[in-house]
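Here's a short tour for anyone meeting this protein chain for the first time. Have a look around before reading on.

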Amino acid sequence: MNRAAIYARFSTDLQNERSIDDQLALCRTYAEREGLSIVATFDDRARSGGSVMGRDGLLHLMDKAREHEFDVLVVEALDRLSRDMEDLAGIHKRLSFLSVEIRAVHEGVVNTVLVGLRGLVGQLYREDNAHKVRRGQAGRINKGLHAGGITYGYTYVLGDPGKRLIAEDEAEIVRRIFREYVDGQTPRDIAHKLNRDRIPPPRGRAWNASTINGNAQRGTGLLQNELYVGRLIWNRVRMVKDPDSGKRVSRPNPKSEWRTIEVPDLAIVSPDLFEAARERKKARAITHPSHQRRPRHMLSGLLRCGACGAGMSSNGKDKSRRIRIRCSAATESGTCPDPKTFYLDTVETAVLNGLNAELRHPEVIAHYVQTYHEERKRLAADTDARRTRLERRLGELSREIERLVNAIAKGHGDPAVLGPQSTTLNEERKCIVAELDQAPAATGVIALHPAVLARYEEQVNQLRAGLAKGLEAGDPESAEAMRELIDTVTVFRDPSRIGGIEVEIAGRLTALLGENAFPNGIKGVWGKVVAGEGLEPPTPGL
């Protein structure tokens, strides 16, 4: 009896789990009638047929097919495998290559023509369903009902899908945000206060500025949402499935395709307050071009807060024009347990000093020497093994050619047969001799020359001097060189000194020594480096 596997699938959470059991029972009955022996079953529950991504059952099935675990695949219908023409054709092509036959209960043995027809029908069915869903959503919007998820400040009405009611406790928070913003507070300040008052955010663990600001083009963010003034806007964005990842990606629609419905019973803030917030946002959005792009510093994007692990960013300048940096979590949402502010030049100097000290550390140099020796041994071993293999084959060919020549000379074989064999072997021997001439001779491992270590020391000195000079002059190439050398810099407060800091550098030795020194991409992670005593401490209050 042929070994058979069964695959079953249903599309959404709204379908009955019994659908899988019903499909399996139907396929088992078919297999029994056709004399097939079921050896495995695979299923995907609540998974769309529009993509193979995220369908663990189907992927497991394909793995078992490659291991030749079954000879026949039984499905209720081809659309259980896929409703996408490309995916269905690909599945059929791969299973055919593996000598696995697909059989559909209602259609029999599957061939290329059936795959093409069913793939087209399945995709048209899926696209038609999408159009019907959009049409149904548009109908609900025209009635003033919602066609999507819940918005902060509102709640569901049990037994009446699509209808919303104002949730007064959340609505008061929305009014508070609008009032404070119009009074001059920034979204960051508002987020800090909401987190301080332990008010639950719409999603996630904490309020932040982006929750309040949002995106004007997409209409996200509390200050951008016109529903709060009694205006329901639908079809701002559309969802498109990425064919490579299977994920849905949102794309903004042109304003001409938006649909706006007045729902005054859902208004939370007054039109005057909403317009005042909008006008302030427009005024704040007008920024002089010279202030729109901040200069790129040596450690931009590399700094991490030692207290919470979040990134760090610039936070203005003091009276002497020194740049301050601060934890982004403290700035955006006020959630950092130790919201300390540091001076950027202090951190940069600490990094340079620490980098210089760490690269001179005996353990780093010893690691450099050890890796050098290991790599030379590996290369020598590879060279010796290849040369030995060629020499062994050369000996085999020489002996075989000699045997054929002797046979021809003694009349033990037909020269018309043995002659061409000898010529072929001789051509192979010539090729091997040529390869041996080009292959390097076997050598022992060369010890690391003292000049190499001297060069290492020289590189360290040049690195620190060049980077310090370039950074002071604002040279972008020096900043980029430092960024190639460092992965992250984590900044800690040093409690033993007033204004003292500690930095933890995670970096790559390959940037200094070159890719050839570490062909396997070895990464060195260095420990904490304490800033030198000569560094200027931050001013009081920072």
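How many helices and strands are there in the chain? There are 15 helices and 18 strands, where helices (H or I, at least four residues) and strands (E, at least two) are DSSP runs numbered from the N terminus. Keep in mind that this is a predicted model, in which local features need pLDDT of at least 70, side-chain atom pairs count only at pLDDT 80 or more, and totals for chains, interfaces and linings use all residues. Residues are numbered from 1 along each chain as its sequence is written, and side-chain values use heavy atoms, with hydrogens and water left out.

**The chain as a whole**

Of the chain's 542 residues, 37% count as buried; that word means under 20% relative accessible area, while exposed means over 50% and partly exposed is in between (1.4 Å probe, protein chains only). The accessible surface adds up to about 31100 Å², and 51% of that belongs to carbon and sulfur atoms. Areas like this come from the Shrake-Rupley method with a 1.4 Å probe, and for residues only the protein chains shown count as cover. Now for contacts (heavy atoms within 4.5 Å): among those between residues at least 6 apart in sequence, 62% join residues at least 24 apart.

**A sheet to look for**

Five strands line up as an open sheet in the order β2-β1-β3-β4-β5, with mixed pairing. At the edges sit β2 (36–44) and β5 (108–109), each pairing on one side only. Two strands pair if DSSP finds at least two bridges between them. Strands β3 (residues 72–75) and β4 (residues 101–104) run in the parallel sense, paired over 4 bridges. One of the partnerships here links V75 to A104 in β4.

**A nonpolar patch**

M85, L120 and L124 make a nonpolar surface patch of about 260 Å². Patch residues have over 30% relative accessible area and no salt bridge; like charges are joined within 9 Å and nonpolar side chains (Val, Leu, Ile, Met, Phe, Trp, Tyr) within 5 Å. A salt bridge is a side-chain nitrogen of Lys or Arg within 4 Å of a carboxyl oxygen of Asp or Glu. L120 lies in helix α4 (residues 112–142) and is partly exposed at 39% relative accessible area.

**Two cysteines**

The whole structure has 0 disulfides, a disulfide being a pair of cysteine sulfur atoms within 2.5 Å. Here is a pair of cysteines to check.

| Cysteine | Nearest cysteine sulfur | Distance | Relative accessible area |
|---|---|---|---|
| C305 | C336 | 3.8 Å | 6%, buried |
| C336 | C305 | 3.8 Å | 7%, buried |
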